[in-house]
Amino acid sequence: MAKQYKLTPKRLQELQEELNYLKTVREKEVAEQIKEARSFGDLSENSEYDEAKNEQGKLYSHIAEIEAILASYVLIEEKPISATAVSLGSQVTVEDQETKDKDTYRIVGSQEADPMNGRISEDSPFGKALLGKEAGEIAEVEAPMGVLRYKVLKIDKH
């Protein structure tokens with residue numbers, strides 16, 4: 001069975017728009033680059049042609065990747081399972097029990113994850129540990145350096 005990608009309605013729309021852009025505007029731009037590079041003559045020593053062909057390969061690879069996601073996605077609603085527990089779409093403020101550092105994260109589907117910008121996948125060890133927890137509870141995360149403990153301080157559902 002093919003992997004299923006969990007997408008919010010917003011992310012689905014973004015992917016559909018990106019695919020449309022890549023197949024219309026960007027594909028024509030790359031084709032024009034190749035055409036222009038061919039006009040420079042001998043293709044065996046034509047770095048512009050090689051670069052344009054590499055760009056075309058990357059473009060087609062990216063298109064195939066988005067098409068694969070769109071062929072096997074599951075639409076997820078950002079509705080909370082419980083009004084007070086962490087669920088997909090929740091914004092969670094946690095406190096590291098060792099360092100007392102506080103951070104805020106949004107729990108998202110794997111296709112929307114961006115840890116550097118506070119968007120944690122529900123499939124990640126940290127995301128899995130937070131799901132279902134309520135304010136005041138401790139989430140334990142298995143890590144290579146041992147178990148990390150985070151206290152859930154606040155949960156926002158929007």
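Here are a few notes on the overall build of this chain and on its helix 1.

1. Before anything else, keep in mind that you're looking at a predicted model. Every value below was computed from it.

2. Start with the parts list: the chain has three helices and seven strands. Walk along from the N terminus and you meet them in the order β-α-α-β-β-β-β-α-β-β. The radius of gyration is 22 Å, well over the 15 Å that the globule rule gives for 158 residues, so the chain is more spread out than a compact globule.

3. You can also put numbers on the outline. Along its principal axes, the C-alpha trace spans about 70 × 35 × 30 Å. Of the 158 residues, 34% count as buried. The chain exposes about 10000 Å², with carbon and sulfur atoms supplying 49% of that.

4. How do contacts link up along the sequence? Take those between residues at least 6 apart in sequence: 52% of them join residues at least 24 apart.

5. Now zoom in on helix 1, residues 9-38. Its 30 residues, at 1.5 Å each, should span 44 Å, and the end C-alpha atoms sit 42 Å apart, which agrees. Don't expect a ruler-straight rod, though: helix 1 bends by about 40° at Leu-22.

6. Which residues of helix 1 are buried? They are Arg-11, Leu-12, Leu-15, Leu-19, Leu-22, Arg-26, Val-30, Ile-34 and Ala-37. So Leu-22 turns up twice: it is on the buried list, and the bend is located there.

7. And what covers those buried residues? The cover includes strand 1 (5-7), helix 2 (47-71) and strand 2 (73-75). Try finding these three elements in the structure above.

Conventions:
Residues numbered from 1 in each chain as written. Predicted model: local features only at pLDDT ≥ 70, side-chain atom pairs only at ≥ 80, totals over all residues. Heavy atoms only, no water. Helix = DSSP H or I, 4+ residues; strand = E, 2+ residues; numbered from the N terminus. Expected span 1.5 Å × (residues − 1). Bend = angle between axes of the 7 residues up to and from the residue. Buried < 20%, exposed > 50% of the residue type's maximum accessible area, 1.4 Å probe, protein only. Contact = heavy atoms within 4.5 Å. Rg over C-alpha atoms; globule rule 2.2 N^0.38 Å. Areas by Shrake-Rupley, 256 points an atom, 1.4 Å probe, with all protein chains shown as cover.
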